[in-house]
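Here is a short report for a reader meeting this structure for the first time. Look through the sequence and the model below, then read on.

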Amino acid sequence: MGRLEMVWGRRGVSDGRFQKPRAMAIDDQDRIYVVDMTARIQVFDSRGRFLHGWRTPAKEAGKPTGLSVGRDGRILVADTHYYRLLAYSPFGELLQTIGGTFGQQPGQFGLVTDAVEDSQGNLYIGEYGEYDRIQKFASDGQFLLQWGGPGFPPGRFARPQNLAIDPQERIWVADACNHRIQVFDTEGKLLQLWGAQGRQPGRLCYPYDLVLAPDASVYVAEFGNHRIQRFTSDGRSLGCWGSHGRDEGQLANPWALVRDSQGYIHVLDTGNHRVQKVRI
């Protein structure tokens, strides 16, 4: 399943190259944002042409592992090892910081993974480590509520690596180390759960990212299975793309994916330090 359109990027530290890229986002102008192990956020057009970039304020403790785009175009950066969320303009101006203190109290964080924003401007921020939870904040950074906790029972998490929000304002969570997808309302009530560990179609192995398509299908990047899998919204597999390797059309531990306005899927092929653009 799927047709490879193009491959762009290669290993390196100069503009347009990658050093183990680990998160990706796309805005409404099809600009693609990628963060890698140099703590650079690089911006590209949908053909992989480098536009501009910037760095997060610190990187000695670790690098960001999550990127998303807020409703007003802000770039939400999970500054994972500094226990905070950074919100930037599309050109790298730091606009807001939430968190920055390690801990389990409201407004404190473990290792931040990702964030999404609802229509009211509320932010939902995921974290893993000791706490494995999602915290909800008002637009001004005021803590509102939290849910989750470490574990396998429904509603709990083992590394909620990526979040997405749909038009009904349901929060989708790639519960990576539980090898499943969980869906919640904005108050943290569990609405849906599907997925189990395995390699056959319909199973998951470390789902690190997910994208919700307009036709209600769900694309999942499987770090452990080196593939992209497409599902119905209730978890029925519609097919897989990719296999483990270095050749074009093969993947090595993909961390992320985005869908552009033309329906192409851009896959962050982390272990190969590149992006592959696919029609799935």
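## A side chain that reaches a backbone

In this predicted model, the side chain of Asn178 reaches the backbone oxygen of Gly151 at 3.0 Å. Asn178 itself is found in a loop. The strands on either side of that loop are S15 (171-175) and S16 (180-184).

Is Asn178 buried or exposed? Its relative accessibility is 11%, so Asn178 counts as buried. The cut-off for buried is under 20% relative accessible area. Beyond its neighbours within four places in sequence, Asn178 is in contact with Gly151, Phe152, Arg156, Phe157 and Ala158. Gly151 thus appears twice: in that contact list, and as the owner of the oxygen that the Asn178 side chain reaches.

## The chain as a whole

The chain has 0 helices and 24 strands. Its radius of gyration is 17 Å, close to the 19 Å that the globule rule gives for 280 residues, so the chain is as compact as a globular protein of that length. Along the principal axes, the C-alpha atoms fill a box of roughly 45 × 40 × 30 Å.

Of the 280 residues, 59% are buried. The accessible surface comes to about 11100 Å². Carbon and sulfur atoms account for 45% of that surface. Now take the contacts with a separation of 6 or more. Residues 24 or more positions apart make up 44% of them.

## The sheet from S10 to S13

One open sheet has 4 strands in the order S10-S11-S12-S13. The pairing is antiparallel. Strand S10 (111-117) and strand S13 (143-148) stand at the edges. Each has a single partner strand, so one side of each is left without a neighbour in the sheet. Neighbouring strands of this sheet are turned by 20° against each other on average, direction ignored.

Strand S12 (residues 133-137) pairs with S13 over 5 bridges, in the antiparallel sense. Which residue of S13 is the bridge partner of Gln135? That partner is Gln146.

## The sheet from S18 to S21

A further open sheet of 4 strands has the order S18-S19-S20-S21. Here too the pairing is antiparallel. Strand S18 (207-212) and S21 are the edge strands. Each has a single partner strand, so one side of each has no neighbour in the sheet. Neighbouring strands of this sheet are turned by 20° against each other on average, direction ignored.

S18 and strand S19 (residues 218-222) run antiparallel and are joined by 5 bridges. Within this pair, Asp209 stands opposite Ala221 in S19.

## A hairpin late in the chain

Strand S22 (residues 256-259) pairs with strand S23 (residues 265-269). The pairing is antiparallel and covers 4 bridges. Leu257 has Val267 in S23 as its bridge partner.

S22 and S23 form a hairpin. There are 5 residues between the two strands. In the turn, Gly263 has a positive phi of about 90°.

## Positive phi without glycine

Most residues other than glycine have a negative phi. Asp132 is not a glycine, yet its phi is positive, at about 45°. Asp132 lies in the loop between strand S11 (123-128) and S12. Its relative accessibility is 6%, so Asp132 counts as buried.

Asn253 also is not a glycine and has a positive phi, of about 55°. Where is Asn253 found? It lies in the loop between strand S21 (237-241) and S22. Asn253 is partly exposed, with a relative accessible area of 25%.

## Arg17 and its surroundings

Arg17 sits in the loop between strand S1 (3-8) and strand S2 (23-26). At 26% relative accessibility, Arg17 counts as partly exposed.

Which residues is Arg17 in contact with, leaving aside its neighbours within four places in sequence? They are Arg10, Arg11, Gly12, Asp36, Arg40 and Gln42. Arg17 can also be set against a residue from another part of the sequence. Arg17 and Gln262 are 245 residues apart in sequence. In space, their C-alpha atoms are 24 Å apart.

Methods
Residues numbered from 1 in each chain as written. Predicted model: local features only at pLDDT ≥ 70, side-chain atom pairs only at ≥ 80, totals over all residues. Heavy atoms only, no water. Buried < 20%, exposed > 50% of the residue type's maximum accessible area, 1.4 Å probe, protein only. Polar contact = N/O pair within 3.5 Å; in protein donor to acceptor, adjacent residues only side chain to side chain. Contact = heavy atoms within 4.5 Å. Pairing = 2+ DSSP bridges. Rg over C-alpha atoms; globule rule 2.2 N^0.38 Å. Areas by Shrake-Rupley, 256 points an atom, 1.4 Å probe, with all protein chains shown as cover. Axes fitted to C-alpha atoms, helices over the stretch in contact; angles between N-to-C directions.
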